[in-house]
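Reader: I would like a close look at one helix in this structure. Please take me through its burial and its surroundings.

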Amino acid sequence: MEKPIVHPLIVIFIGVISVSASAIFVKLADTTAGTTAFYRMFLSVLIMLPLFLNRHVHELKQLVKRDWIFSSIAGVLLAFHFILWFESLNYTSVASSTVLVTLQPLFAVFGTYFFFKDRVGTKGILAMAIAIGGSVLISWGDFKVGGTAFYGDILALIACAFVTGYMLFGQDVRRRVGLTTYTMIVYTVSTITLALYVWIKGETFIVTRPMDWFWFGLLAIVPNLLGHNLFNWALKYVSANTISIAILFEPVGASILAYFIFAEKLIATQYIGGSIVIVGILLYIVDGKKLLKLFQKNS
């Protein structure tokens, strides 16, 4: 495997910051979950299409059957992840929904072991537990045991399982297939899946409010092309576990944005939880032995 031109952790960090705005754009768009998800993916495909046709379309001939199948499954999983997550935002807060949808390590640690035999050491498990605990604490005061908020929480948790599956299938394909080609296939399959969903559900493709197109465009450019595309790039060099841990920072960013845009108040547990998430992420990604050697060398 060739050496990456940029450290994957830097790319993942930029991706996490980008996807943190996703829930905000979704709530600002005044359309149904299916319609919002469809146009997010459809516009992403349109933006990528010229680059793909000009430089990468020939790569399709190099794909084997496994690549087509896994990429298509990833696209379907991504589509339903968006549908369920966007729907959850109609029932619960940005903080709760984002926390639950980013609890990917709960699923990824088993998925990466089952598919790729990736083992997570004691430090990794401890870091996951700390980061997940911080994520739950962020929205502790907002969780409900019944009513519409609980329904929204369940939808977000199922969406989390789907996006983890999307990452796992992507990790397999990205070891063989270029970023643009893989992403184009996944986004196209996702767009078709969402179009069928909107049609079957009887939702509308017609958007009359001009500002909704603005939010759709931002969804396509920021969380998709800057967020998910960067994650897809990183999957060639790191495990889905690493990305899922880093994504636990998303509720921190989303909660801060929700505070300024929707006046969703931040309480003490959210401040503390955000700090705990950051500690857990740092514990997972920082090599303690290298850090100790560096400290000893400079002291």
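Author: What follows looks at helix H1, then turns to a residue in helix H9. The model is a predicted one.

Start with the dimensions. H1 covers residues 8-19, which makes 12 residues. From first C-alpha to last, H1 reaches 16 Å. That is close to the 16 Å expected at 1.5 Å a residue.

Next, burial. Pro 8, Val 11, Ile 12, Gly 15, Val 16, Ser 18 and Val 19 are the buried residues of H1. Viewed down the axis of H1, they fall within an arc of 160°, so they line one face of the helix.

What covers that buried set? The cover includes helix H2 (22-28) and helix H10 (210-234). Helix H11 (240-246) and helix H12 (250-261) are also part of the cover.

Now take Ile 12. Beyond its neighbours within four places in sequence, Ile 12 is in contact with Phe 231, Ala 234, Val 238, Thr 242, Ile 243 and Ala 246. The largest nonpolar core has 80 residues. Ile 12 is among the members that touch the most others, along with Tyr 166, Met 167, Tyr 187, Phe 231 and Ile 243. Phe 231 and Ile 243 are thus on both lists.

Finally, Thr 181. This residue lies in helix H9, residues 179-201. Thr 181 is buried, at a relative accessible area of 0%. Setting aside neighbours within four places in sequence, Thr 181 is in contact with Phe 52, His 56, Glu 59, Leu 60 and Leu 63. Thr 181 and Val 57 are 124 residues apart along the chain, yet 7.3 Å separates their C-alpha atoms.

Notes
Residues numbered from 1 in each chain as written. Predicted model: local features only at pLDDT ≥ 70, side-chain atom pairs only at ≥ 80, totals over all residues. Heavy atoms only, no water. Core = buried A, V, L, I, M, F, W, Y, C linked by side-chain atoms within 4.5 Å. Buried < 20%, exposed > 50% of the residue type's maximum accessible area, 1.4 Å probe, protein only. Contact = heavy atoms within 4.5 Å. Helix = DSSP H or I, 4+ residues; strand = E, 2+ residues; numbered from the N terminus. Expected span 1.5 Å × (residues − 1). Arc of directions from axis to C-beta.
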